[in-house]
Amino acid sequence: MLRWIFGGREAQNSAEKSGVLRIGEEQPKNCFTELQVLKGHFDIVRFLVQIDDFRCASAGDDGLVLIWNVETGERLRELRGHSRQITAVAVLRRGDVRLVTASSDRTVSLWDPDTGNRLRTVRDLQSSVKCILALPTAGTLMSGGDQLCVWSDELRLRCVAETHRHAGISSLIELPDDRVAAAVERRLVIYKLTAHGDALTVVEVGCQADHRDHIRALVNVNDRVFASGSLAGEIILWDALDCSVLAYQRILWEEPESATMAHEPVETSVRHLASNGNLVAAAVGSGVYVLSAATGAALAYRKRAHDSDVLHTALLSDSELMSCSEDGSVRMWDIRELPLAAEPASAGFFGMWTSARSSKQTCAPSKKSPEPPAVRTLELTGDLIGHSGAVQMFLAFPENGLLTCSADRQLILWKNGERQSRLRGLALFRKLEENGGL
């Protein structure tokens, strides 16, 4: 039913042409049968960050940061201060919760989300900050751009490291032993943070150049592994301790020569990576992929999961995946084991990936082909269509549903219809009790 509330999409009339899997109006595994539209932004909403179990912040190209109650949909605070688009948002949980935002106006601000007060602003930075990493155990923040800056939890500059590569840092993740990994074009640069009394220093301790093109995504998998994805369709699993390559995969689309459809460029860049510790999900072009965190092997995939490029993914469990796309939809997937009697996976699928490699092994690969992994399948179980523009990302709240943000300047709070019905019933009974019955 939700499919038609906002008039649907043209793509619904061309299912056969696009080759994208469709699902009917009956979606028994889709619990999100109610929605609430949240308005307040005036331009593209690109970021959502969770503050606690009941609050989140949204930010985008209008320079606004809005605080929401995800249980009621109420707008709690409006944080104004940036004059241009927001480029990065982070939450610092050390004592009192704080929000840190960066903008293309070359400022970074520290906010109290409880009061909406701006506690401090740093202006006239050398360049715009592209990413922010909170390190609560160390009581520090890191910002990446043309420089790597280390800040105190009160947004006081502690130290700076130049990138020396004529290219900015696009993303940052934390590694063990007070180190961070920074994506700098196609290089993965490792920095170490060292304390000398009250002084801090940050120095480059390593650089890996195993990617063929710019790194687009970084994600922590678990305490021992992290992953990176590039514009060339590469996914690399790294050892978090020595930063050696554990597994290397490259998606190579090879359209059959006998294909009757007109050949169109197929996007294979990795736009986003997500992990739950056991699996890694990758948004690659308009497709979605699931890899084993232990081996790096591809377990399941949908080459055309959406009508347009996938922008964000999340693994809700080892058997549940969600994705959103430029086509304006959010899709729910079951990761299922193939039945034992099923036909073996074709070599064509495995041919799309190069074999795994490790920087610890330099010997020639064996001529014997490895056993194919236990391939699973991605089954579409839900299709949430309510946005009229590209869905930039989403946040899942176990008790309060799903929050999505979009280029249409709106947020949508998707709710579990059965749960909402029960809550309304309980509220009615309480009201009747308070009033002495009917």
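**Model confidence, a four-stranded sheet and the surroundings of Asp 327**

The structure is a predicted model, in which the mean pLDDT of the protein is 84 and 83% of the residues reach 70 or more. Two stretches stand below 50 in pLDDT: one covers residues 341–372, for which the model nevertheless has 38 contacts beyond near neighbours in sequence, and another covers residues 256–262, with 2 contacts beyond four places in sequence. Where pLDDT is low, the predicted coordinates should not be read in detail.

Among the elements of the model is an open sheet of 4 strands, arranged in the order β22-β23-β24-β25 and paired in the antiparallel sense. Because β22, spanning residues 270–275, and β25, spanning residues 298–302, each have a single partner strand, they form the edges of the sheet, and one side of each is left without a neighbour there. On average, and with direction ignored, neighbouring strands of this sheet are turned by 15° against each other. The edge strand β25 is joined to β24, which comprises residues 287–292, through 4 bridges in antiparallel pairing, and Val 290 is placed opposite Ala 300 of β25.

A further site concerns Asp 327, which is located in the loop that lies between β27 (320–325) and β28 (329–337). The relative accessible area of Asp 327 is 13%, and this residue is therefore classed as buried, the cut-off being under 20%. A polar atom of the Asp 327 side chain lies 2.9 Å from the backbone nitrogen of Asp 307.

Methods. Residues numbered from 1 in each chain as written. Predicted model: local features only at pLDDT ≥ 70, side-chain atom pairs only at ≥ 80, totals over all residues. Heavy atoms only, no water. Pairing = 2+ DSSP bridges. Helix = DSSP H or I, 4+ residues; strand = E, 2+ residues; numbered from the N terminus. Axes fitted to C-alpha atoms, helices over the stretch in contact; angles between N-to-C directions. pLDDT = per-residue confidence, 0-100. Contact = heavy atoms within 4.5 Å. Buried < 20%, exposed > 50% of the residue type's maximum accessible area, 1.4 Å probe, protein only. Polar contact = N/O pair within 3.5 Å; in protein donor to acceptor, adjacent residues only side chain to side chain.
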